[in-house]
Each structure stands twice: as C-alpha cells, then as structure tokens.
Amino acid sequence: MRTTKYTFDGLRRLTQDIRRQSAKIVDEQRSLIDKAFIDFDNYFAEVEKQPPTLERNVRMMLACQFFNHLYSAIILAESGLIVDAFLFERNALETIAFHWLICLDSSVAEEYEQNSIPRPVKVRERLEQLGADITHIKGLYSSGSEISHVGRNSERFHSQWESRTTGELLFGGGLNLNDQHKMLQFLPVLLYLFPEPIMKDAS
C-alpha cells in the first residue's frame, strides 16, 4: 500500500538532496567540464565573428539549441533523472548531425529557414553520402533510443528493488552514482563533436 505522497515541494526537496549527494561527481569532472565549455565558447565566438549570412546565423542558432540540450542533459543527470537526460542527449545528437550537414552543404541552411528539415534518419543518410563518418552519432543515438523509449529497458532507472517483493518506484528520480558518473563524464565530450563533421577519409 502506498504511503508516500508526491507533492511538488517534496519532489523539489528530493531533487536538491540528490544534487547535493551527486555534487562530488561533478567536482571530480570539473576540469573536464570547464575545459569543454570554454573550448565551445571559443568556437562559438569564432563563428560569431564571421560575416552575417544565412548559413552563419543558422549555425549560431543550432549551436545555441545544441548547447541547451546538452546542458539540460547534464542538469537532469546530476538530478538523478537519467532517462530524461538520454532524451536531451538524443536531441543534442540530432542537432549535431544537422549542423554537420550545413557544414558540408551550406545550401541546407535554406531548408532550416523554410522549416523543412528532414527527419533525423534522412539527415544521417545525406551525411554518409557526403562522406561523413557518422559511426559515433549512430551508435550513441541507438543506445539512447533503447533506454529512452517506452519499455522494460528503462525500468532500472525508474525503480529500485531490494528483492523480488521489496522495492520502490523512483518518482522524481533517484540517486545512482554509477550511472550519473558515466553520464557526467561523457556528456561534455559531445561539445567537441559539434563544431565540424568527422570525415571517413580522416577517421
């Protein structure tokens, strides 16, 4: 029988508690995270200095969208909401792929302006046709999809069981230092994947 009441204030206190407990992980990754953020900021500054064109403006918008997706994933991972962090990671990967496409074909910026962006799978197909190595994007996207889609693959992120008959559902997230450590170690690396496509002949 359920005895816990899930109130908004109660869930906010839970999130604050999880973030306090996971702060050590963030501190351990601080130098990696700080450097990745600084390097991305330097990259964005270089794009911003370019003459104003449709391509440059779309790339700046995509950089902002990508950064916000990634930052959201970090905040969610830090808060114990791992599956939701994976959802924003997938959004970040989709933005990386489309940005790569613009880097290889500047006319694609017009598709963005006309709001006629192809589906992610079509973007990846076009990248491959242009010679981009999308191995990393496809692999990460696939693994994230398995966890973020509705199904049993994500159950362990939503519940904790001491035995077959004793456990709890994790409304509002839960502390899982191992998964949080992996996410907070990996996510900042995506900041280095965004700026330019990896080409097959360079891999």
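Hi everyone, let me start with a term we'll need: a crossing of two helices is called left-handed if the near helix is turned anticlockwise from the far one by less than a right angle. Keep that in mind, and we'll come back to it. One thing to say early is that this is a predicted model.

So, the overview. The protein has 203 residues, and 37% of them are buried. You'll find 9 helices and 2 strands in it. If you walk along the sequence, the pattern reads α-α-α-α-α-α-α-α-β-β-α, with the two strands coming just before the final helix. The C-alpha atoms fill a box of roughly 60 × 35 × 30 Å along the principal axes. And of the contacts with a separation of 6 or more, 74% are between residues 24 or more positions apart.

Now let's look inside. The largest nonpolar core contains 45 residues. Which residues have the most contacts within this core? They are Phe66, Ile96, Leu127, Leu190 and Phe194. Several elements give two or more residues each, among them α1, α2, α3, α7 and α9. The largest share comes from α4, with 12 residues.

Let's stay with Phe66 for a moment. Setting aside its neighbours within four places in sequence, Phe66 contacts Phe40, Ala92, Thr95, Ile96, Leu190, Leu191 and Phe194. Three of the names on that list, Ile96, Leu190 and Phe194, appeared a moment ago among the core residues with the most contacts.

Next, please find α3 and α9. How do these two helices pack? Their axes are 9 Å apart, at an angle of about 160°. Angles over 145 degrees count as roughly antiparallel, so α3 is roughly antiparallel to α9. Here is where our opening term comes in: α3 passes α9 in a left-handed crossing. On the α3 side, the contact is made by Ile74, Ala77 and Glu78, and on the α9 side by Gln180, Met183 and Leu184. Sorted by type, the contact residues are 4 nonpolar, 1 polar and 1 charged.

Leu184 leads us to our last stop, Gln29. Gln29 sits in the loop between α1, residues 8-28, and α2, residues 30-49. Is Gln29 buried or exposed? Its relative accessibility is 8%, and buried means under 20%, so Gln29 counts as buried. Leaving out residues up to four places away in sequence, Gln29 touches His181, Leu184 and Gln185. So Leu184 turns up twice in our tour, once in the α3 and α9 contact and once beside Gln29.

Thanks for listening!

Notes
Residues are numbered from 1 along each chain as its sequence is written. This is a predicted model: local features need pLDDT of at least 70, side-chain atom pairs count only at pLDDT 80 or more; totals for chains, interfaces and linings use all residues. Side-chain values use heavy atoms; hydrogens and water are left out. Helices (H or I, at least four residues) and strands (E, at least two) are DSSP runs, numbered from the N terminus. Buried means under 20% relative accessible area, exposed over 50%, partly exposed in between (1.4 Å probe, protein chains only). Contact means heavy atoms within 4.5 Å. A nonpolar core is a set of buried Ala, Val, Leu, Ile, Met, Phe, Trp, Tyr and Cys residues joined through side-chain atoms within 4.5 Å. Axes are lines fitted to C-alpha atoms, for helices over the stretch in contact, and angles run from 0 to 180 degrees between N-to-C directions. Angles under 35 degrees count as roughly parallel, over 145 as roughly antiparallel, 65 to 115 as roughly perpendicular and the rest as oblique. Ala, Val, Leu, Ile, Met, Phe, Trp, Tyr, Cys and Pro count as nonpolar, Asp, Glu, Lys and Arg as charged, and the others, Gly among them, as polar.
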